[in-house]
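I sat down with this one to look at its aromatic rings first, then a sheet and its helices. These are my notes as I went.

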Amino acid sequence: MFNERIPLHILPTFVIAARLENLRATAQQVHLTHGAVSQQIQQLEQAIGCPLFERQGRGLRLNTAGRELLAVAEPALQALQQGVNRVRRIAQSQALRISVLPSFAHYWLMPRLPSFHAACADIALDIDASLAVQDLVRKGFDAAIRLGNGQWADMQAQRIASGEVVPVATPALAHQWQVAFNSGASDVPLLEHDVTPWRSWFSAQQQRDKARPLALFNDAGLLIRAAEQGFGIALVKKLLVSDALAEGRLVALAQPRHLDQVDFYLVWPQTAGLTPAVEALLHWLQRQLA
């Protein structure tokens, strides 16, 4: 009688028996008795509703139905084993869920992910890029990279980099506007981030702020992108444009300045403490940013 509930646990034994076409050899490979293997094959045949082997004395040979089942069962079992192996590798690794600003993720972290993987191969980073200051505990984050003064309620924080800013532009635009910018001319094409106003820069330079920004951005990544497109001169965190400056895509029009008490910090919940994975991330950041 056909049984819709196929005994899937017997399929590995069936695949081996189908390949060997010998119950005794199959029994040795699966560490069962000859009788137990024979009983499993019969149970599978009863569940499917037809013979899978042709019995020839003490031997057996796979029949047409058996070959069809083997063609389906063998790759399915291989795929299942590969999936289990992937799950085991993931379980053995340490998943680290972090919250970062989109600009930091794009312009600093992403180019250095191969370095992190090489240094911390057993840690899988789960990166959430957002302008919002996430509630780490409630939303299940292990750590965050934030801009601030190091003071966040119920958080531990370690400073990892300076938040100094620098005016940057493409080489062509810098050549065109360098003198006018340093003299405080009012027609300089400026791009402004809403948390880093140009008036703070000109005040620190002891210049009168006469310029009117061409555009205002709430995301430093968009601000940097606009500067790289030659749209204007941007005042940005030096860390975020370090690669662009090193590669010559952008040029600094003045020396960096620390205009406020805002720096880059690695932050993690006090309740969790400094876990091994977060500590590994911290040490890697410190080496990269030294």
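My entries follow, ring pairs first and helices last.

**Entry 1, aromatic pairs.** Before anything else, I noted that this is a predicted model. I then looked up the ring pairs and found 9 aromatic pairs in the structure. I picked Phe 104 and Phe 264, whose ring centres are 5.8 Å apart with 40° between the planes, a tilted pair. This pair links distant parts of the chain, 160 residues apart: Phe 104 belongs to helix α5 (residues 102-109) and Phe 264 to strand β12 (residues 263-269). I checked burial too, and both Phe 104 and Phe 264 are buried.

**Entry 2, another pair.** Next I looked at Phe 181 and Phe 202. Their planes stand at 50° and their centres 6.2 Å apart, so I logged this pair as tilted. It also joins distant parts of the chain, with Phe 181 in helix α7 (residues 171-183) and Phe 202 in helix α8 (residues 198-204), 21 residues apart. Phe 181 and Phe 202 are buried.

**Entry 3, cluster and charge.** Which residues form one aromatic cluster with Phe 104? I found Trp 108, Phe 116, Phe 264 and Trp 284 in it. I also noted Arg 97, which lies over the face of Phe 141, 4.0 Å from the ring centre.

**Entry 4, the sheet.** I traced an open sheet of 5 strands in the order β9-β8-β10-β7-β11, and its pairing is mixed. Why do β9 (215-217) and β11 (251-252) each have one side without a neighbour in the sheet? They stand at the edges and have a single partner strand each, so one side of each is left free of a neighbour there. Inside the order, I followed β8 (residues 190-193) and β10 (residues 233-237), which pair in the parallel sense over 2 bridges. Leu 190 stands opposite Ile 233 in β10.

**Entry 5, helices on the sheet.** I came back to α7, which packs on the sheet and touches β7 (165-169), β8, β10 and β11. The direction of α7 makes about 120° with that of β7. I then found helix α9 (residues 220-228) lying across β8, β9 and β10, and it runs at about 170° to β8.

**Entry 6, helix α1.** Is helix α1 (residues 11-20) mostly covered or mostly uncovered? I got mostly covered, with 7 of its 10 residues buried. I listed the buried ones in α1 as Leu 11, Thr 13, Phe 14, Val 15, Ile 16, Ala 17 and Ala 18. Just after α1, I noted that Glu 21 takes a positive phi of about 50°.

Note on methods:
Residues are numbered from 1 along each chain as its sequence is written. This is a predicted model: local features need pLDDT of at least 70, side-chain atom pairs count only at pLDDT 80 or more; totals for chains, interfaces and linings use all residues. Side-chain values use heavy atoms; hydrogens and water are left out. Rings of Phe, Tyr and Trp (its six-membered ring) pair if their centres lie within 6.5 Å; planes under 30 degrees apart count as stacked, over 60 as edge-to-face and the rest as tilted. Buried means under 20% relative accessible area, exposed over 50%, partly exposed in between (1.4 Å probe, protein chains only). A charge sits over a ring if NZ of Lys or CZ of Arg is within 6 Å of the ring centre and within 35 degrees of the ring normal. Two strands pair if DSSP finds at least two bridges between them. Contact means heavy atoms within 4.5 Å. Axes are lines fitted to C-alpha atoms, for helices over the stretch in contact, and angles run from 0 to 180 degrees between N-to-C directions.
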